[in-house]
Amino acid sequence: MKLFHALAVLIIAWCAVIGRSQAVTLEVRAGDSTCIKAELSASFSIPYNTSSSTRTAQFSLPDSATVDTGSSSCGTDSSSPWLVAVFGPGHALGLSFSTNGSLYNVANLTLQYNLSDTSVFPGADSSDVVTVVSSSVGIWATVNTTYRCESPTTFRVGGSTVTFSGTRLEAYMPQNELSPTESVCMADQASTTAPPTTASTTTTPAPAPTPPGTPERGTYSVNNRNGTVCLLARMALQLNVSYFSLSQNKTVQELVNLSPNETSVSGSCEASSASLVLTQEQITTLNLTFTLNSTSNKYRLSAITLRANWSDMRGPFLASNTSLDYLRSTLGRSYMCNAEQTLAVVPTFSLNTFRVQVQPFEVTTNQFATAEECQIDQTQMLIPIIVGAALAGLVLIVLIAYLIGRKRSHAGYQTI
């Protein structure tokens with residue numbers, strides 16, 4: 001009986017192993033030092049065309065994958081660190097990294113596949129080597145910590161998908177081994193449940209946080225390469241974040257004001273896009289991206305990304321949405337809205353704005369151009385006009401009724 005039980009356990013364990021892609025260890029070295037190390041499993045789903053239909057190739061990163069020493073590097077002052085794994089006849093998986101000094105992240109995820117590999121793409125009508133890139137990858141961690149994510153996490157890269165699982169990786173490593181301190185991904189945090197409590201256990205509920213009040217208004221600007229102001233903003237910002245609190249052992253919602261005096265500013269300006277990056281105390285980074293439609297000459301706030309690593313969080317927080325449509329205005333004009341607005345980003349994060357004026361394109365003489373006011377402000381301006389007109393109309397009606405009544409009364413006296 002014991003032998004049967006042992007065999008059953010072994011069979012279950014073996015099924016679990018073969019049901020999951022093999023973990024691969026990859027290292028990028030510079031001399032005797034390791035700067036990037038990753039232990040992960042990866043699987044790929046890639047659609048491709050045959051002469052008569054569209055098929056989907058599904059395969060995993062094999063344990064024979066190796067680091068391409070020609071493409072991988074620890075980075076320099078002018079280039080990013082790269083980890084490039086090669087496998088099979090012409091396939092590759094690449095991750096580039098960036099950092100702001102306190103956090104590092106996967107800046108780009110690159111997938112290269114060779115359609116002439118008939119073992120993976122049987123019947124493909126092309127023999128091209130295809131490369132696709134994604135720059136919206138939610139993999140990031142605190143510097144000198146290991147990013148850990150056991151949960152399967154899928155990223156879309158072009159029309160294909162890459163799914164990582166059992167991931168442990170670190171870039172900008174100060175030593176050759178992964179740090180024992182970990183930054184746990186949100187998927188793993190969500191799957192962790194609180195330990196049960198017994199009837200005899202008594203707990204004192206934590207006091208509710210005091211609302212921070214209206215945030216202070218700040219002026220922020222971004223310069224282009226020749227040193228002139230290309231983006232100008234004056235606004236008050238408040239973060240509305242839901243996260244798992246270590247001290248309260250539950251998910252909480254917190255309002256955090258951005259303080260202009262504690263916030264550093266960076267960003268960039270291009271012909272059809274501009275970004276404003278606000279970093280507060282190296283633990284909160286808010287990125288606002290504006291895009292310009294050159295056909296309609298209209299611009300909008302199209303993307304918002306928040307990265308936070310607060311002391312009460314179980315791990316770094318990341319929220320991003322690149323398909324937004326806020327703060328719309330016309331090229332050559334600024335956008336203005338004095339009313340409070342709530343810009344929904346993702347279910348766990350929204351941005352509250354107060355007294356906003358922003359111009360991300362065609363800033364001249366470091367001044368805002370003529371403002372286009374938001375619909376809320378226009379409506380609020382109309383309300384007192386409508387109320388005043390209604391009161392004036394009411395007074396006029398009363399006056400007319402009074403005059404008519406007086407005239408009738410006067411006519412009655414004449415008859416008598």
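Colleague: Which residues make the nonpolar surface patch of about 580 Å²?
Modeller: This is a predicted model, and what follows is computed from it. Tyr402, one member of the patch, has its place in helix α3, residues 375-415. The nonpolar surface patch is made by Leu396, Leu399, Ile400, Tyr402, Leu403 and Ile404.

Colleague: In which sense do strands β10 and β13 pair?
Modeller: Strand β10 covers residues 146-149 and strand β13 covers residues 182-184. Within this pairing, Tyr147 has Ser183 of β13 as its bridge partner. Over 3 bridges, the sense is parallel.

Colleague: Which residue in β12 stands opposite Cys149?
Modeller: Strand β12, residues 160-171, is joined to β10 by 3 bridges. These two strands run antiparallel. Opposite Cys149 in β12 stands Thr167.

Colleague: Which residues are the closest to the centre of the largest pocket?
Modeller: The largest pocket has a volume of about 670 Å³. Its lining holds 23 residues. The closest to the centre are Asn105, Ser135, Asn287, Thr305 and Arg307.

Colleague: Which element gives the largest share of the lining of the largest pocket?
Modeller: Elements that give two or more residues to this lining are β6 (91-99), β7 (103-114), β18 (273-280), β19 (284-293), β20 (298-308) and β21 (317-321). The largest share is 4 residues, and it comes from β7.

Colleague: How many residues of the lining of the largest pocket are polar?
Modeller: The lining residues divide into three classes. Of these, the nonpolar class has 7 residues and the charged class has 1. The number of polar residues is 15.

Note on methods: Residues numbered from 1 in each chain as written. Predicted model: local features only at pLDDT ≥ 70, side-chain atom pairs only at ≥ 80, totals over all residues. Heavy atoms only, no water. Pairing = 2+ DSSP bridges. Patch = residues over 30% accessible without salt bridge, like charges linked within 9 Å, V, L, I, M, F, W, Y side chains within 5 Å. Areas by Shrake-Rupley, 256 points an atom, 1.4 Å probe, with all protein chains shown as cover. Salt bridge = Lys/Arg side-chain N within 4 Å of Asp/Glu carboxyl O. 1 Å grid on protein atoms, 1.4 Å probe; cavity = no way out; pocket = protein on both sides within 12 Å on 5 of 7 lines; lining within 4 Å. Points joined across faces, edges and corners; volume = space filled by probe spheres on them. Nonpolar A, V, L, I, M, F, W, Y, C, P; charged D, E, K, R; others polar.
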